[in-house]
Amino acid sequence: MIAIIGGNGMTQLACLEISHRQIIRTPYGEPSGPLTFGRINNHEIVFLARHGYGHTIPPHAVNYRANLWALQSLKPARVISVASVGGIRADFTPGTIAVPDQIIDYTHDRKFTYFDGTDKAVTHIDFTEPYCQITRERLLEAAKQANEKIIDGGIYAATQGPRLESAAEINRLERDGADMVGMTGMPEAALAKELGLCYATLAVVANYAAGRGTSAHAIRLEEVHTILEKAMVSVRNILEQLVELDGD
Ligand code: HPA
């Protein structure tokens, strides 16, 4: 079974035939909402809205540990995170979809590990490749099959939010090598790795990052909704192909 974490622009999955919802409690508290079980083209999947079904949980307040713990309890074959980002690199224009291969963490004050107790041996997970390569390749193949354009790779900068960045902050992220910026990539990717989940991200560019393109002087938030709505059609096409490729 594939698990999908939906972000901004994806509180529901239109192609999902819902069978039931389940509230799961975890040692880390409550996930963002009940897990939604259902089928895409007759393949079982589970869906979780990262910001809650009413989109009320801001990025810094998401209980990432509970979300991934709940999904892990179902032993999913893969976890696909759908996340909106601001585009920094010139070809990351609004509406672009990418499968990042690297991440830089600028977040703070979030619960970012399962290994913070004193009851277990000190554990350092390897994070050289933050995303599951096989899952990334599957997403790229699914996009190809769906005839959807996709960028293979890119560095995701995870910022704290909920405010957007200043133009100077984006310049700094670019100097650091970042291609896109979002607020939810961390600690989600690291927690997934700690749990041994096969996790990868479909990043959807919602806007030019601050100081870039039409965001030269301000990010026009009123345009983000329309861009995401359109891009989600492509995301759904990719996910439909992915479940076909992966089977059950
Ligand atoms: N910055 C940070 N996170 C985002 C952005 C952005 O410009 N767009 C969508 N998520």
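**Judging the ligand site and a ring pair**

User: A polar side-chain atom of Glu165 lies 2.8 Å from a nitrogen atom of the ligand. Why is this called a polar contact?

Analyst: The term covers a pair of N or O atoms within 3.5 Å, and 2.8 Å falls inside that limit, so the Glu165 pair counts. Asn207 also qualifies, with an N or O atom of its side chain 2.7 Å from a ligand nitrogen. Ser84 contributes through a polar backbone atom, 3.4 Å from a nitrogen atom of the ligand. Do keep in mind that this is a predicted model, where local features need pLDDT of at least 70 and side-chain atom pairs count only at pLDDT 80 or more, while totals for chains, interfaces and linings use all residues. Numbering runs from 1 along each chain as its sequence is written, and side-chain values use heavy atoms, without hydrogens or water.

User: How do you know which residues surround the ligand?

Analyst: A residue is near the ligand if one of its heavy atoms lies within 4 Å of it. The resulting shell includes Ser84, Val85, Gly86, Leu164 and Glu165. By type, the shell has five nonpolar residues, four polar and one charged; Gly is classed as polar and Glu as charged in this scheme.

User: Which elements give two or more residues to that shell?

Analyst: They are strand 5 (78-87) and strand 10 (180-182). Strand 5 gives the most, with three residues. Strands here are DSSP runs of E with at least two residues, and helices are runs of H or I with at least four.

User: How much of the ligand's accessible area does the protein cover?

Analyst: The protein covers 93% of the 260 Å² that the ligand has on its own. Such areas come from the Shrake-Rupley method with a 1.4 Å probe.

User: What makes Tyr28 and Trp69 an edge-to-face aromatic pair?

Analyst: Rings of Phe, Tyr and Trp (its six-membered ring) pair if their centres lie within 6.5 Å; planes under 30 degrees apart are stacked, over 60 edge-to-face, and the rest tilted. This rule gives five aromatic pairs. For Tyr28 and Trp69, the centres are 5.2 Å apart and the planes meet at 65°, so both conditions are met. Tyr28 is in the loop between strand 2 (17-22) and strand 3 (35-40), whereas Trp69 is in helix 1 (residues 64-72), 41 residues away along the chain.

User: Which peptide bond is cis in helix 4 (residues 185-194)?

Analyst: Met186 and Pro187 are joined by a cis bond, with omega about 10°, and Pro187 lies in helix 4. Most peptide bonds are trans.

Key. A polar contact is a pair of N or O atoms within 3.5 Å; within protein, one must be able to donate a hydrogen and the other to accept it, and residues adjacent in sequence count only if both atoms are side-chain atoms.
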